[in-house]
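Biologist: Could you take a close look at one part for me, the charged patch on the surface? Once you're there, I'd also like to hear about the greasy patch and the cysteines.

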Amino acid sequence: RQCIVGASVINASTRRQPPMAWPPDKDDPDIEVIEPVPKNEDEHRDALAERALERRRSRALAAQQRKKQPPLFRVQQVGELKRKRADAEEERVVKRRRQQPGAVLLDTGRVRTLITSTSLVNLRPMLFLSSAMSWVNGPPLTIRRGACTAICVDKHRLMVVGGNEGTSCFGSTEVLDFRDTRRMSFVSGPRMSTQRRECGAVMLDQFRLLVIGGYDGQHFLNSTEILDIRTDRFEAGPRMSTRRAAPAVARLSSGLLVVIGGKNAFGCLETTETLDTGAAALSFVPGPSMQCQRAGPLAVALDGTRLMVLGGHDNGRTHNTTEVLRLLDSAALPPLMSFRPGPDLTTPRSYFAGVMLNAGNLHVIGGHDGYNYLNTSEVLNLATMEFTTGPCMRRRRFMCSAASINEDRVIVVGGSDASLDHGSTEVLSLPLYSFSPAPWMNQS
């Protein structure tokens, strides 16, 4: 027996039936036709309302899901916008470099006397730097070191302190003897008691090196270590009041040392700390606050009472601004100091290296401008704040360190780029020329 429900045919018996013709014959006694019962008006409205409610609920869930996880095309748009901004910034940097002077003579401050059989001539030695010069490969480090610190510990030796390769931080040091510039090589130096990357280093006096703060791979540090150059041994130094990595450190000729900015687990810092290097018991005391947060800045002493802080970054942007710290009263406890705005840089930079070429010119090298890792260098006249384009390094270097070896050579050590930490160095040699005054020049 077969039943027809609406348009469906149902076999009411398990016995095999011969195929039937369609449409079925309603007069056939073996077929029972069951007509569908139409819904009343209220039930129909309820069904429509239920379906509309279900559609609204589905749309709301989809919108909520889109907020939690942006669609792929939106992520691609954000990435494309960042790439466009980086490309535009790089084009601006190239344009600025073309507009800046490409060469500069740097006065060494010395006078060389040339005596002949008939005359005595005073010659003035001058260093020459041009953007057309080339950096050359220097002696390799024994290991790759990103975020390391390099400093000359005496007239003939350069020490590289700490650093990292990937997530591994180092407590080791390396020493370069540069008396023979043709056979320079790094050798292992004394070991610190704590692993440190992004630390600061400064000479306290002729025989003591102070290593400040940093990051050990798990914690930001407020500890310091002092190296006795005569014994090649590190000992614990005074603790800072704040944990700091990537600070700037500068020592005024008056003996006051200033630790500036940096970062820790709470973000970038605008605070400073001071240390009287001539005191019997070394102790850090809080100093004045800067006008903005700066991690990865550079600090250079201008004279006995002033220093300049350049660049760095806060939690949102990289700075092209500077601030000048003036010591107002060194006898006060703590010393009375204040920050004032300084002239702007032409390029935002953080985590860059700086070397004083002479008394008034700073060589700014590498770093990051907020979009790109940099291989560019510039010479900044601290008196006029005018830039001269310097030569480009062979590699982009971020969190690198630099020092002046001999009078006419600059070495850049380690650092990182977008892909790896560097175990290489680069050396720039500056030619030295001697000039004699012309008869028409004022020789007073």
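Modeller: Arg59 sits in helix α1, which covers residues 41-68. Bear in mind that this is a predicted model. With a relative accessibility of 53%, Arg59 counts as exposed, because the cut-off for that word is over 50%. Arg59 has company, too: together with Arg51, Arg55 and Arg56, Arg59 makes up a patch of positive charge on the surface.

Now for the greasy one. Leu105, Tyr433 and Phe435 come together as a nonpolar surface patch, and their joint accessible area is about 290 Å². Of these, Phe435 belongs to strand β35, residues 432-435. Phe435 has 40% relative accessibility, so Phe435 goes down as partly exposed, a label for values between 20% and 50%.

On to the cysteines. You'll find zero disulfides in this structure. Cys148, for one, is not in any disulfide, and the nearest cysteine sulfur, in Cys400, lies 8.1 Å away. A pair of sulfurs would have to be within 2.5 Å to count as a disulfide. Cys148 is also buried, at 5% relative accessibility, since anything under 20% gets that label. Cys169 tells a similar story: the closest cysteine sulfur, the one in Cys199, is 9.9 Å from the sulfur of Cys169, so that gap is too far for a bond. Cys169 is buried as well, because the relative accessible area of Cys169 is 8%.

Definitions and conventions: Residues are numbered from 1 along each chain as its sequence is written. This is a predicted model: local features need pLDDT of at least 70, side-chain atom pairs count only at pLDDT 80 or more; totals for chains, interfaces and linings use all residues. Side-chain values use heavy atoms; hydrogens and water are left out. Buried means under 20% relative accessible area, exposed over 50%, partly exposed in between (1.4 Å probe, protein chains only). Patches are made of residues with over 30% relative accessible area and no salt bridge: like charges are joined within 9 Å, nonpolar side chains (Val, Leu, Ile, Met, Phe, Trp, Tyr) within 5 Å. Accessible areas come from the Shrake-Rupley method with a 1.4 Å probe; for residues, only the protein chains shown count as cover. A salt bridge is a side-chain nitrogen of Lys or Arg within 4 Å of a carboxyl oxygen of Asp or Glu. Helices (H or I, at least four residues) and strands (E, at least two) are DSSP runs, numbered from the N terminus. Lys and Arg count as positive and Asp and Glu as negative; His and the chain ends are not counted. The place of a charge is taken as NZ of Lys, CZ of Arg, CG of Asp or CD of Glu.
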